[in-house]
Amino acid sequence: MSAVLAADRVRLRVHWTDRTAHLLLAGIAILLVAFLAGPLASVLAQSVEDSGGRFLGLDNFFAYFETPALAESLWNSVWVSLLVTAVVVPAAFVFAYAIARSCMPMKSAFRTIALTPLLAPSLLAAISFIYWFGNQGVLKDWMSALGIASIYGAPGIVLAEIFAVFPHALMILVTALSLADARLYEAADALGTSRLRKFFTITLPGAKYGIASAAMVSFTLVITDFGIPKVIGGNFNVLATDVFKLVIGQQDFQKGAVVAIFLLAPALLTFVVDRFVQTKQTSMLTARAVPYAPKPSAGFDAAMTGYCVLVTLFVFAVFGMALFASFVKFWPYDLSFSARHYVLGLVDNEVGSAFVNSLTLAFFTSLVGTAIVFAGAYLVEKTRGADWLRPVVQLLALIPMAVPGLVLGLGYIFFFNSPQNPLNFLYATMTLLVLCTIVHFYTTGHLTAVTALKALDAEFESVSASLKVPFWKTFWRVTLPICTPALVDISRYFFINAMTTISAVVFLYSPDTKVASIAILNLDEAGEPGAAAAMAILIAAASLVACIVYLGVGWLVERNTQAWRNTK
Amino acid sequence: MPGAESFLRLEGIRKDFGAFTALRDIRLEVAQGEFVCFLGPSGCGKTTLLRIIAGLEAQSAGSIWQGGRDISSLPPAQRDYGIVFQSYALFPNLSVFDNVSYGLVNRRTDRAAIRSRVAELLRLVGLPDSGAKYPAQLSGGQQQRIALARALATSPGLLLLDEPLSALDAIVRVHLRQEIRSLQQRLGVTTIMVTHDQEEALSMADRIVVMNQGVIDQVGTPLEVYREPATPFVADFVGKVNLLEGRVEGPGRVRVGSHSFAGASCNGSIGRAVKAYLRPEDIVARPIAEGDPNVIDSRIDKIEFLGSYCLVRVAAEGLERLPLTVYLSLNFLAEQNLKPGSPLRLRILAERMRVFDA
C-alpha cells in the first residue's frame, strides 16, 4: 500500500466541525493580539523612541534617572509599597489563621465583612481617611500626637492602601491555610509537640508559598494603584500618579512609557512567582490528605475573635465614615442629615450619567467578557487540532494578570489613538472601554473557567466524536450546564471590577463615556469630597446589589443545572 | 493469523512524540468478531495504539484498514467504532437514558425507535430500570455498563475498550469481565481491549497482543502466550515464572548450577549461555518415581498461603543462588506435614522450559 511507503507524516483529515473550532480559536487569538499584545507592544516601543518615533535605545531611561523629581517618585513608590506589604501580610495572616484554624464563632460573617472593601473603588478609603484625619478630620489631633504633620502624603496612602489591599492578601492566605493535612498535626501530637513548635514546623512552612504570594500581590497592588495616591497623596509623588501627570498633563508619552515599564516590572515578577507558587501549592496536598479540622480552645478562640472584631471595626470605621460624610449637610460645621451630596453628585455634576455609564460598562463587560473568556478557555482545553495556536492563546490569556491597569490604559492610548490604526474609530468609545476592561481582568476569569473545565472528564469530547456528535452539541448539552456555577462566578468578578476600576479607564474615557469611579476623582479634585464620598458609596451599594443578585442567580442555577450532583 | 478476511488491519504503524518513539512498526490483523487484548506494562504504547485506531491520535506513519476501507487519515467522527474509557466518561448531568441515546438522537428522528433501542440496550447490560437515574446514583460497575451500552447504541463495527475494568473493585472486576465477554460473543462485535492486567487478558481474549516498549512481542491465544512465550519479556510479564540461568550442554540438555536437565527444547552450539523460564506448575512434587530424570532435592524456605494452594519457595541443592517457586496444594502440604525447613524432592518438567539466549 502506498500509505505505508509514504515518507510524509500521516495527518488526519480535519473534520469540518473541528475546522469551525479552529476558526473560533483563531478569533480569540486575534482579539487578544489586537487588544492586549498590540497596546503592550506600543508601550514598549514608546519607551525606546523619541517623540518623532526615532529609536533611542535606553536613552529615555537614562533621562528618567537624571530627573530628580521622577527618581524620587520611584523611591517613594517602593518604600510605601514595602511598608504596606509589611503591615498587611501579618495582619491578614492572623485574620486568615482565625478563619482557617480556630473555632471562632461567626467565621463567615467576619470573612464577608473583611472582603467588603473589594466592592468599592480603592479611593473610597482615601476619602474616608481624609474625613477621619484630614485638616478638618474628627481625629486630627491623633495625627499630631503621633508627630505626623498631615494625613496628605505617605501616611494617608499607607493607611488607605492597607484597607484596600487587605482583602486581596486575606483571600490568598485563607486558601493557603485551608490546605492543611490533618495527619501532620496528628503525627506531631502523637510525638508530644508543643503548639508553638507545631506552628513553626508545620503551619508556617505549609503556608510559606501563600505568604510569598500574598506579599508579592500586595506590593504590586500598592505600587500600581492610582486612585488612592491621587486623592490623598498631596504632594507626595509616586510612579502611578507620575504616569498620569506625564501623559495627560505634559503629553510626554515617552517618559510616561518609561514609568509604565517600571510599573510592569514588579507585576511581571509577581506573576512569575505566583505561577510558581500555584504549582508548588497544589502538589503539596495529595489526594490522600485528610482536611484539618480545628479543635475548640477557649483562650485562643477568644483572642482570635477579639482580633477579628478589631479588624471589622476598622472596616466599619472606614465605610461608616464615608457613609456618614456622604449624608452630612456641611462638614464639619453642620452635621445634620442631608441628601444634598447625592443630588449634587448625581444631578449637578452629571455623575448620574457617569453612573449609568458604569452600569453599562459593568453589564457588557460581565456579559461579553464571560462569553469570550469561557469560549476561549473551552476552545483551548477541549478541542482538537490547531496545536500551534493553543499555547499562543494560553500565554495571551495569562499576560493580563501581569499588566497593571495603568500600563494597559496607556497602551490603549498609544495603540488606538494612532491614526494609522484601522481600529482608531474605537478610541474613546464605550466599546473600547468594555474591551479594555475585559482584557484587564481576563486572566482570573480564564483561570476560573479552566479550573472548571479541567474538572470535567477529558474523554467527553472523544466519546462525542465516536458517537458522531459535533462538539458544540456536547458543549451545549454537557459542558455548559456543568460549568454554569463557574460562569456565574466569572460574570460577577467582571461586574464588580468593572464597577470599581479606575486605572485603565482613566486614560480612555470621553465626556460621553465617563464612568462613576472617574467622576469621583473629578469631584474630589473640584473640592467636593462629600459628593465624592456619596458616589463611592453608590458604587459600593451597586456592587453589593449585584452581589446579592448574583447570589440569587447562583442559587437558581444550582437548583436547575446541578441537580445531578446531590442525588445520593 | 486470520487471512484475507481480516476486519481490521494495521500496517507499519509508528508513533513519535518528539524524539521518543512510542510505537514502531506495528502490524496486526484482527478477524471479524474477534476479541483481542492489548496487554503490556504501563508506557508500552498499548493505549496510544488504541487511540490511533480510534483516530484520537494521528500515527506518525503507517495505515489502518477497517472493513476494507482505508481509515488512516479519517477523523474520529468518520470512523466506525464505539469506545469505553477507564473513567466511564458518562455525562454526569444527563440521565442514563440520555447518555445511552446520546449518539442515537443525532441520526434517528423517530423517538419511539430511540426509546425501544435504549430499552433493549439497558436490558442487554442488565440494568433495565435505570433509565431515569443520573450516573452518580449508580455504582462504578453499573456506570461502566451504561458506558458500554452507550458505545454499543449505534451498532458500531468495532468496540474499543480502554482499561474498562481498572477503576473497579476486584470482585466487580471479575464479574464484569465475564459479562463483557459473553455480551461480546452474543453480539459478535469485533473488540479490542487495552489492559495491563494479564489475568484479565488471559480470561477474556481470543488472542492477546503482548506489547513492550512500543513493539509487539507476541500475538497468540491466551494458552500460546502462557505456555509458549515468544520472548523472555512475555514469559516474565504473563504469569509467574522461575528464571534459571545456565548453559547448553548438548542437544536438549541445559546445565543449571550442578544440575543437568534433559529434554528441554533447545539446540544450538554447546556452551552457549541461556536463560530458561519455567512456570511454578511445571515443577512438581508428585508423582516422582525412582529413576525419573530431572529430579532435584530441596529445602522449603518459605510458604505463602494463598487459599487452596500455596506458593512455596524452595532452595534446591546445586541451585543455591536460584530460589525456585512452586505451587503445592494445601492438602499436600498437610499430608506430608511440610513446614519451612522440611526437605522436599521435586521434578522439573524440562520439556516445558522455554529457553532463550542469555
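What follows is a chat about chain B, its contact with chain A, and one helix of chain A.

Trainee: Before we start, what kind of model is this?
Mentor: This is a predicted model: local features need pLDDT of at least 70, side-chain atom pairs count only at pLDDT 80 or more, and totals for chains, interfaces and linings use all residues. Residues are numbered from 1 along each chain as its sequence is written, while chains are lettered from A and ligands numbered from 1 in the order in which they are written.

Trainee: OK, how many helices and strands in chain B?
Mentor: Nine helices and 20 strands. Helices (H or I, at least four residues) and strands (E, at least two) are DSSP runs, numbered from the N terminus.

Trainee: And what does the C-alpha trace of chain B span?
Mentor: About 80 × 45 × 35 Å along its principal axes. Of the 358 residues in chain B, 44% are buried, meaning 20 or more other C-beta atoms lie within 10 Å of the residue's own, with C-beta atoms placed from the backbone.

Trainee: How many residues does each chain bring to the contact?
Mentor: Chain B brings 36 residues and chain A brings 28 residues. Two residues are in contact if their C-beta atoms, placed from the backbone, lie within 7 Å.

Trainee: Which strands of chain B supply at least two residues each?
Mentor: β1 (6-17), β4 (61-66) and β6 (82-84) of chain B do, on the side that touches chain A. The largest share, three residues, comes from β4(B).

Trainee: What's the chemical mix on that side of chain B?
Mentor: It divides into 18 nonpolar, 16 polar and two charged. Ala, Val, Leu, Ile, Met, Phe, Trp, Tyr, Cys and Pro count as nonpolar, Asp, Glu, Lys and Arg as charged, and the others, Gly among them, as polar.

Trainee: Back to β4(B): how many of its residues are buried?
Mentor: Five of its six residues, so to speak mostly covered.

Trainee: What does β4(B) pair with?
Mentor: β4(B) pairs with β1(B) in the antiparallel sense over five bridges, and R9(B) has W65(B) as its bridge partner. Two bridges also join β4(B) to β5 (residues 69-70) of chain B, again antiparallel. Strands pair if DSSP finds at least two bridges between them.

Trainee: How many residues sit between β4(B) and β5(B)?
Mentor: Two, in a hairpin, and G67(B) in the turn has a positive phi of about 55°. Q66(B) has R69(B) as its bridge partner.

Trainee: Switching to chain A, what should helix α14 span?
Mentor: Its 29 residues (298-326) should span 42 Å at 1.5 Å a residue, and the end C-alpha atoms are 41 Å apart, which agrees. The expected span is 1.5 Å times one less than the number of residues.

Trainee: Which residues of α14(A) are buried?
Mentor: Among them are M304(A), C308(A), V318(A) and F319(A).

Conventions. Buried ≥ 20, exposed ≤ 12 C-beta atoms within 10 Å, placed from the backbone.
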